[in-house]
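Open your viewer and get ready to select residues by number. This tour goes stop by stop.

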Amino acid sequence: MDTLSILKDLAIIIISAKFMGIVARRLRAPQVAGEIVAGLLIGPTLLNLVSTNDFLSGMAEIGVILLMFSAGLETDIDNLKKSGIKATILACSGVFIPLILGTILFMCFYGFAQPGSPEFMQALFIGTILTATSVSITVQVLKELGKISTDVGTTIMSAAIIDDVIGIVVLTAVLGLKDPNANTGMVFIKTVLFFALSVVAGIIIFKIMKRMDARWPHTRRIPIMGMALAFVFSYIADKYFGVADITGAYVAGIILSSLDDSEYIDRKMDINSYMIFGPVFFASVGLQTNLQDIDMTILTFSFAFVAVGLLGKIIGCGSVAKILGYNLSDSAKIGIGMMTRGEVALIVAQRGLKAQIIDSRYFTAVILLIITSSILTPIILKALYAHDEKAA
């Protein structure tokens, strides 16, 4: 592919993604939803101005790594330690119930398969996509209502953090089992070994970075070293442990999340992500999706996928919250607050496509789930809090 074509494609992607992102934000929808729609518009679905290629795929891969590195940087280790058993139980149920329901849903549509078969792995991966939680919209709503520091707000935040960690582990395990000849025990051992070595290496790296941060605070060399660490961990995770590269990036972010300059590093990473790599990644999701190939089966599956995705979190987190002693209203808020999906669900789906576990046509279902959950969550949460205030 020649340089001029690359420049043309990048210009079209960035302009269209940012324009549609602004439109989405004006409509109070996530900006990423607009960037995905931009990919649909300029891709094979409609205008066919840009097509995927190795260069754009590489750019999108870097975008994913930077997104997951930022997610790790934003992880509050202190909150994670203080979250307690309740948030852990909520997170576990919020991961495994959608995982099971999503797997069963796929098999109901496409047939039940033997464990270990390619068909079963496809069903299991569809369930894995539903484990992701993105509470950025929930957090914004709770801030607006002044409820972010309440028991419910803290529980949602803590459970979401643990939910992401468990979800990454599940993704790692499922990707490790994609090979029908894979040794399950060896996959488990290599995964555990990676996380164990990450803890040891993380302690050493954190001490080194902390000294550097104290000596050169708020200097560009700190985020540069942080970004290099993300790429190194991504490479080592995939190359030597068979663990997803995004898991390595996420772990690298967690290692640096307690630095005094962690927010500074995150802001610098966000510039790269916001300016070019993020739009390329989200637009590439649309570019890889051709809605002209959608048939009634996929369309029906997509609506069922959305319903199961929403109910899975409500049942998994809301019902368990009730069992743990929360009242009915607070349990509903926790379940609703945990049902939003965002970039992590897209990242998981993209990993499945890259590993040739799922087909790109299932992106339609994921995109629909993100948009639907992002619209419904703030509406329902505000209604629940308004009802409580009237009843008080």
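**Stop 1: helix H15**

Select the buried residues of H15: Val344, Ala345, Leu346, Ile347, Val348, Ala349, Gln350, Arg351, Gly352 and Leu353. Keep in mind that this is a predicted model. Buried here means a relative accessible area under 20%. Of the 12 residues of H15, 10 are buried, so the helix is largely enclosed by the rest of the structure.

Now check the length of H15. From its first C-alpha to its last, H15 reaches 16 Å. That is close to the 16 Å expected for its 12 residues at 1.5 Å a residue.

Step past the end of the helix. Glutamine 356 follows H15, and its phi is positive, near 60 degrees.

**Stop 2: the largest cavity**

How many cavities of 30 Å³ or more does the structure hold? It holds 1. The largest cavity has about 50 Å³ of space.

Select its lining next: Thr131, Ala132, Asp163, Asp164, Gly167, Ile168, Leu171, Val344 and Val348. Two elements give two or more residues to this lining: helix H8 (151–176) and helix H15 (343–354). You have already met Val344 and Val348, which are among the buried residues of H15. H8 gives the largest share of the lining, 5 residues.

Colour the lining of the largest cavity by class. You should find 5 nonpolar, 2 polar and 2 charged residues.

**Stop 3: helix H8**

Select H8 from end to end. It has 26 residues. The distance from its first C-alpha to its last is 37 Å, close to the 38 Å expected at 1.5 Å a residue.

Is H8 largely enclosed or not? Count its buried residues for the reason. Of its 26 residues, 19 are buried, so H8 is largely enclosed by the rest of the structure.

**Stop 4: the second largest pocket**

Move on to the second largest pocket. About 430 Å³ of space lies in it. Its lining has 17 residues. Select the ones nearest the centre of the pocket: Ile77, Val199, Val251, Ile254 and Ile255.

Which elements give two or more residues to the lining of this pocket? They are helix H4 (77–82), H8, H9 and helix H11 (245–256). H8 thus appears again, having also helped to line the largest cavity. In the second largest pocket, though, the largest share comes from H9, with 6 residues.

Colour this lining by class too. The second largest pocket has 13 nonpolar and 4 polar residues in its lining, and no charged ones.

**Stop 5: two loops**

Go to the loop between helix H2 (31–42) and helix H3 (54–73), and select asparagine 48 there. Its phi is positive, about 55 degrees, although asparagine 48 is not a glycine.

Then find the loop between helix H9 (184–215) and helix H10 (221–241), where histidine 218 sits. Histidine 218 is also not a glycine, and its phi is positive, near 55 degrees.

**Stop 6: threonine 364**

End in helix H16 (residues 363–391), and select threonine 364. Is threonine 364 buried or exposed? Its relative accessible area is 14%, so threonine 364 is buried, given that buried means under 20%.

Now show its neighbours. Leaving out residues up to four places away in sequence, threonine 364 touches Thr289, Leu291, Ile294 and Ser302.

Conventions. Residues are numbered from 1 along each chain as its sequence is written. This is a predicted model: local features need pLDDT of at least 70, side-chain atom pairs count only at pLDDT 80 or more; totals for chains, interfaces and linings use all residues. Side-chain values use heavy atoms; hydrogens and water are left out. Helices (H or I, at least four residues) and strands (E, at least two) are DSSP runs, numbered from the N terminus. On a 1 Å grid over the protein atoms alone, a cavity is a set of points where a 1.4 Å probe fits but cannot get out, and a pocket is an open set with protein on both sides within 12 Å along at least five of seven lines; lining residues have an atom within 4 Å of a point. Grid points are joined across faces, edges and corners, and a volume is the space filled by probe spheres set on the points. Ala, Val, Leu, Ile, Met, Phe, Trp, Tyr, Cys and Pro count as nonpolar, Asp, Glu, Lys and Arg as charged, and the others, Gly among them, as polar. The expected span of a helix is 1.5 Å times one less than its number of residues. Buried means under 20% relative accessible area, exposed over 50%, partly exposed in between (1.4 Å probe, protein chains only). Contact means heavy atoms within 4.5 Å.
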